[in-house]
Amino acid sequence: EIENKHFLRSGLFTAGKIPEYLKLFAKLLVKKESSTIDFDWKHKTLGNRSGTAHIGPMMKHGKVTGLQAYIKDTTQQKEFEKTLIEAKEKAEENDRLKSTFLATMSHELRTPLNAVIGFSELIDRGMDIDSILEMTQIINENGQRLLKIIESIFEISSLEAKKPELKKEVFSLDDMFSILGNSLKSYIGRDKRDRYSLVYMPDNETEVKYIKTDRYKLEQLLSNLLTNAAKYTPEGEINYGYSTTGRDITFFVKDSGIGIPEDKQAIIFEKFRQIDDSYTRKQDGIGLGLAICKEIAKILGGELWLESEKGKGSVFYFTLPGAVAERPESNKNDKSYALPGMNGNSVLIVEDEESNYLYLKTLISKTGAHISWAKNGEESIEMVSKNPGFSLVLMDIRMPGMDGYEATRIIKEMHPTMRVIAQTAYAMKADREEAYKNGFDGYISKPIDKRSLYSLLDEPEKPVI
Ligand code: ADP
């Protein structure tokens with residue numbers, strides 16, 4: 001039995017631990033041993049502290065007369081240790097993320113490339129046309145998948161590098177959602193379509209039909225959210241639409257899919273971060289979609305957030321303040337996807353790659369225009385000088401021999417009013433500016449989007465990006 005226990009009230013010992021200490025002290029007294037303990041304590045002015053006590057028996061003439069302790073305040077040392085451990089863990093986590101990033105990128109780039117290379121090597125003359133078509137379809141799909149990756153890498157870099165200009169326009173929400181709905185269906189594919197219930201839910205209480213913002217960016221943001229909804233919902237419901245409060249509009253994309261655990265809800269908006277980054281991951285993707293959405297939300301001046309529970313699905317919201325608009329006087333946008341009528345017009349396509357020429361020819365011949373092909377800059381000048389009646393020249397920029405800039409300069413000298421449009425794989429903003437500086441009347445980037453091309457042909461004054 002220990003007499004004189006006043007030391008226990010010294011504030012050095014956490015009240016809950018006193019019985020444990022008493023047991024230890026009794027043992028030290030009986031066995032005449034010493035021991036070291038770590039403890040937490042509270043200083044009157046400095047607050048919570050850490051300490052170490054070295055405790056041992058006090059002896060007089062071979063008899064134990066009490067306990068003595070050497071006590072040291074170890075708060076600073078403990079804090080230093082904690083900082084070191086955190087730094088080490090952070091370094092290990094960064095290292096793990098770097099390896100995961102490399103493994104994901106390698107997998108995501110190699111898989112479609114293997115298909116493109118593998119199937120294009122398989123095709124040969126002796127094959128029946130159905131098999132060839134099936135293989136080209138696979139090659140095309142995988143090419144598109146690669147293109148998406150490349151585009152998203154450029155996209156996030158340019159969004160982060162500088163604030164892009166906004167091209168605000170008034171447009172119909174029903175129109176935008178009908179395009180988004182169709183893309184969602186084609187993303188899901190006909191074979192899996194019956195696994196989903198897809199419902200568009202516009203705001204029924206108010207008559208909101210038009211908004212004013214950068215349509216392309218908003219479509220990109222919502223399209224990423226819709227694709228994710230389908231990607232992370234093996235089967236079930238995907239509802240999407242909007243609601244309004246005054247002139248503010250909140251879009252939502254709701255799915256009944258795998259959901260997102262609470263501790264992961266912030267990191268998925270970071271670049272290259274995914275919830276499941278293991279080798280056994282079921283879905284493709286490199287973890288840039290939501291990072292792009294976050295940047296676009298910032299640029300559009302809106303707020304993006306989510307509610308989700310693991311296993312129960314997710315809802316992503318995007319609020320755009322003050323975007324609700326009046327109906328525009330003439331709604332040109334609605335017809336911008338229509339096929340332009342170009343009967344009686346002649347179009348010259350300047351393109352060294354035959355496959356690119358054939359693609360453009362197929363698209364443009366649907367408008368009724370007559371089409372000619374020049375395989376390089378020199379040929380285009382020869383053809384224009386023989387036939388000054390071309391109403392439009394679609395000029396590739398990089399070609400062997402004379403490039404598109406030089407050819408355009410000469411054509412413009414001969415026929416200053418002839419429309420020359422650059423069609424090029426140099427798709428950065430600076431390339432577009434370069435094209436305008438070099439006298440082009442418009443610019444369209446490869447791979448050429450059908451709708452952008454028709455809209456460009458339909459509205460001669462409008463440059464299309
Ligand atoms: P990616 O889909 O290419 O991996 P994202 O940036 O679009 O990249 O998404 C990051 C991660 O967030 C995904 O890997 C996935 O784990 C998670 N995620 C995104 N949307 C959803 C959703 N609707 N349901 C469940 N998880 C989602």
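A polar contact is a pair of N or O atoms within 3.5 Å; within protein, one atom must be able to donate a hydrogen and the other to accept it, and residues adjacent in sequence count only if both atoms are side-chain atoms. The model is predicted: local features need pLDDT of at least 70, side-chain atom pairs count only at pLDDT 80 or more, and totals for chains, interfaces and linings use all residues. Residues are numbered from 1 along each chain as its sequence is written, and side-chain values use heavy atoms, with hydrogens and water left out.

**Exercise 1. Find polar contacts of the ligand.**

Step 1. Start with Ile-275: one of its backbone N or O atoms lies 3.2 Å from an oxygen atom of the ligand.
Step 2. Turn to side chains. An N or O atom in the side chain of Tyr-232 is 2.7 Å from a ligand oxygen atom.
Step 3. For Asp-255, a polar side-chain atom lies 2.9 Å from a nitrogen atom of the ligand.
Step 4. Of the 530 Å² of accessible area that the ligand has on its own, the protein covers 96% (Shrake-Rupley method, 1.4 Å probe; for residues, only the protein chains shown count as cover).

**Exercise 2. State which element gives the most residues to the shell around the ligand.**

Step 1. Helices (H or I, at least four residues) and strands (E, at least two) are DSSP runs, numbered from the N terminus.
Step 2. At least two residues of the shell come from each of α5 (215-231), α6 and β10.
Step 3. The most come from α5, with three residues.

**Exercise 3. Classify the ring pair of Phe-101 and Phe-272.**

Step 1. Rings of Phe, Tyr and Trp (its six-membered ring) pair if their centres lie within 6.5 Å; planes under 30 degrees apart count as stacked, over 60 as edge-to-face and the rest as tilted.
Step 2. A search of the whole structure finds 12 aromatic pairs. In the pair of Phe-101 and Phe-272, the centres are 4.5 Å apart and the planes at 65°, which makes the pair edge-to-face.
Step 3. Locate the two residues: Phe-101 is in helix α2 (residues 75-122) and Phe-272 in the loop between β8 (248-255) and α6 (289-300), 171 residues apart.

**Exercise 4. Is Phe-269 buried or exposed?**

Step 1. Buried means under 20% relative accessible area, exposed over 50%, partly exposed in between (1.4 Å probe, protein chains only).
Step 2. Phe-269 is buried, as is Phe-316.
Step 3. For contrast, take Phe-101: its relative accessible area is 29%, so Phe-101 is partly exposed.
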